[in-house]
Amino acid sequence: MRIAIAGKGGTGKTTVAGTLARVLARGGREVLAIDADTNPNLASVLGIPGEQARDIVGLPRTLMERQTREDGTTKVVFAADPEAVLRDYGVTGPDGVRLMVMGRVGHGGAG
Amino acid sequence: MCSAHATVRGFLGEIVARAASDRHIIVDMEAGLEHLSRGTGRHVSRLVAVLEPYYRSMETARNVAALAGELGIDDVVVVANKVRDDGDRRAIADFCRAHGMRLVGEIPFDGALADVERSGQAPIDAAPDSRSVQAITALAGRLADEAPSG
């Protein structure tokens, strides 16, 4: 299942997302959790220690590639292998949940 | 287009489209669903809108549900969180009914959770027996069920 969880800030959507990920992982399934919030705190709900969470690297923009269409216009596409990106940029937390943090994309090196 | 958003959208699009089907993917989104494109939306099997029993939160959930529909996500469900009493329950049920939203479960207000979250710990580790963690655990099967719940 590919489940997106949304709601107004403060509703507890991250608590639901993180706890759901842990419960499903305990059920024996491989679980990938993706934090796409610009104020990322899924790591703590998943039980990933703060020092490990701070080391999570955002996705560099160089993963995007400009391609030229037949009509000469260009488009920007994601050129990397997503599984390799997952391996290189994700971290593994309790119960084996793999976490990727998207919100820091483009903010790398800024803080 | 903001290239940071483009990278996120590109990755999400690729990973949700190509991931092995035995892997669950859970995406914690922004309320505005900025990181979902129409193309990516087609690969999201379900959108869970979490709301609290107060008007602005319910309105946000209604907007999220509408956006999800525009992005091609047909299966949109609502989970009510921080429910304190029958008044909360009724307000949410009435709102969902009025706007054609499918309410699939509720999580009670849980003071224990606030303490845990202030400490930065995972609720499932620090308060596994709390009412809220128990409720989410009970809901997990339905939320991850391939067949639309409800």
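Which residues does B:Gly13 touch, not counting residues up to four places away in sequence?

1. The opening question concerns a helical position in chain B of what is a predicted model. B:Gly13 has its place in helix α1 (residues 3–18) of chain B, and, leaving out residues up to four places away in sequence, it touches A:Phe78, B:Ser37, B:Gly39 and B:Thr40. B:Gly13 counts as buried because 22 C-beta neighbours lie inside 10 Å, the cut-off for that class being 20 or more. Between B:Gly13 and B:Leu67 there are 17 Å from C-alpha to C-alpha, the two being 54 residues apart in sequence.

2. On confidence, the predictor assigns the complex an ipTM of 0.92 together with a pTM of 0.90. For chain B the mean pLDDT is 88, with 95% of its residues at 70 or more. A general caution still applies, namely that predicted coordinates should not be read in detail where pLDDT is low.

3. Chain A contains four helices and six strands, and its elements follow the order β-α-β-α-α-β-β-α-β-β from the N terminus on. The C-alpha trace of chain A spans about 50 × 35 × 30 Å along its principal axes, and 48% of the 111 residues in chain A are buried. Among the contacts in chain A with a separation of 6 or more, 61% come from residues 24 or more positions apart.

4. The contact between the chains involves 51 residues of chain A and 57 residues of chain B. On the side of chain A that touches chain B, at least two residues each are supplied by β1 (2–6), α1 (13–26), β2 (30–35), α2 (42–46), β4 (74–78) and α4 (82–89) of chain A. The most is given by α1(A), with 12 residues, and by class this side of chain A has 29 nonpolar, 13 polar and nine charged residues.

5. The two chains also share a sheet, which deserves attention when the model is viewed. Eight strands form this open sheet, with mixed pairing, in the order β5(A)-β6(A)-β2(A)-β1(B)-β1(A)-β2(B)-β3(B)-β4(B). At its edges stand β5 of chain A and β4 (102–108) of chain B, each with a single partner strand, so one side of each is left without a neighbour in the sheet. Within the sheet, β1(A) runs parallel to strand β1 (residues 23–28) of chain B and is joined to it by four bridges; in β1(B), A:Arg2 has B:Ile25 as its bridge partner, while the partner of A:Ile3 is B:Ile26.

6. Two helices of chain B lie across strands from both chains. Helix α3 (residues 55–70) of chain B lies across β1 of chain A together with β2 (46–51) and β3 of chain B, and runs at about 170 degrees to β2(B). Helix α7 (residues 131–143) of chain B lies across β1 of chain A together with β2, β3 and β4 of chain B, its angle to β4(B) being about 155 degrees.

7. The largest nonpolar core has 77 residues, of which A:Ile5, A:Leu20, A:Ala21, A:Ala33, A:Leu46, B:Ile26 and B:Ala49 touch the most other members. The element that gives the most to this core is α1(A), with seven residues. Setting aside neighbours within four places in sequence, A:Ala21 is in contact with A:Val31, A:Ala33, A:Leu46, A:Val97 and B:Ile26.

8. A separate pairing in chain A joins strand β3 (residues 64–68) to β4(A) in the antiparallel sense over five bridges, and in β4(A) the bridge partner of A:Met64 is A:Phe78, a residue that B:Gly13 also touches. The hairpin of β3(A) and β4(A) has five residues between the strands, and there A:Gly72 takes a positive phi near 90 degrees.

9. Two residues other than glycine with positive phi may be checked against the model. A:Asp95, with phi near 65 degrees, lies in the loop between β5 (91–92) and β6 (98–101) of chain A, and it counts as partly exposed because it has 18 C-beta neighbours inside 10 Å. B:Lys82 has a positive phi of about 60 degrees but lies in strand β3 (residues 76–83) of chain B, where it is buried, with 22 other C-beta atoms within 10 Å.

Notes:
Residues are numbered from 1 along each chain as its sequence is written. Chains are lettered from A and ligands numbered from 1 in the order in which they are written. This is a predicted model: local features need pLDDT of at least 70, side-chain atom pairs count only at pLDDT 80 or more; totals for chains, interfaces and linings use all residues. Two residues are in contact if their C-beta atoms, placed from the backbone, lie within 7 Å. Ala, Val, Leu, Ile, Met, Phe, Trp, Tyr, Cys and Pro count as nonpolar, Asp, Glu, Lys and Arg as charged, and the others, Gly among them, as polar. Two strands pair if DSSP finds at least two bridges between them. A residue is buried if 20 or more other C-beta atoms lie within 10 Å of its own, exposed if 12 or fewer, and partly exposed in between; C-beta atoms are placed from the backbone. Axes are lines fitted to C-alpha atoms, for helices over the stretch in contact, and angles run from 0 to 180 degrees between N-to-C directions. pLDDT is the predictor's confidence in each residue, from 0 to 100. A nonpolar core is a set of buried Ala, Val, Leu, Ile, Met, Phe, Trp, Tyr and Cys residues joined through C-beta atoms within 7 Å.
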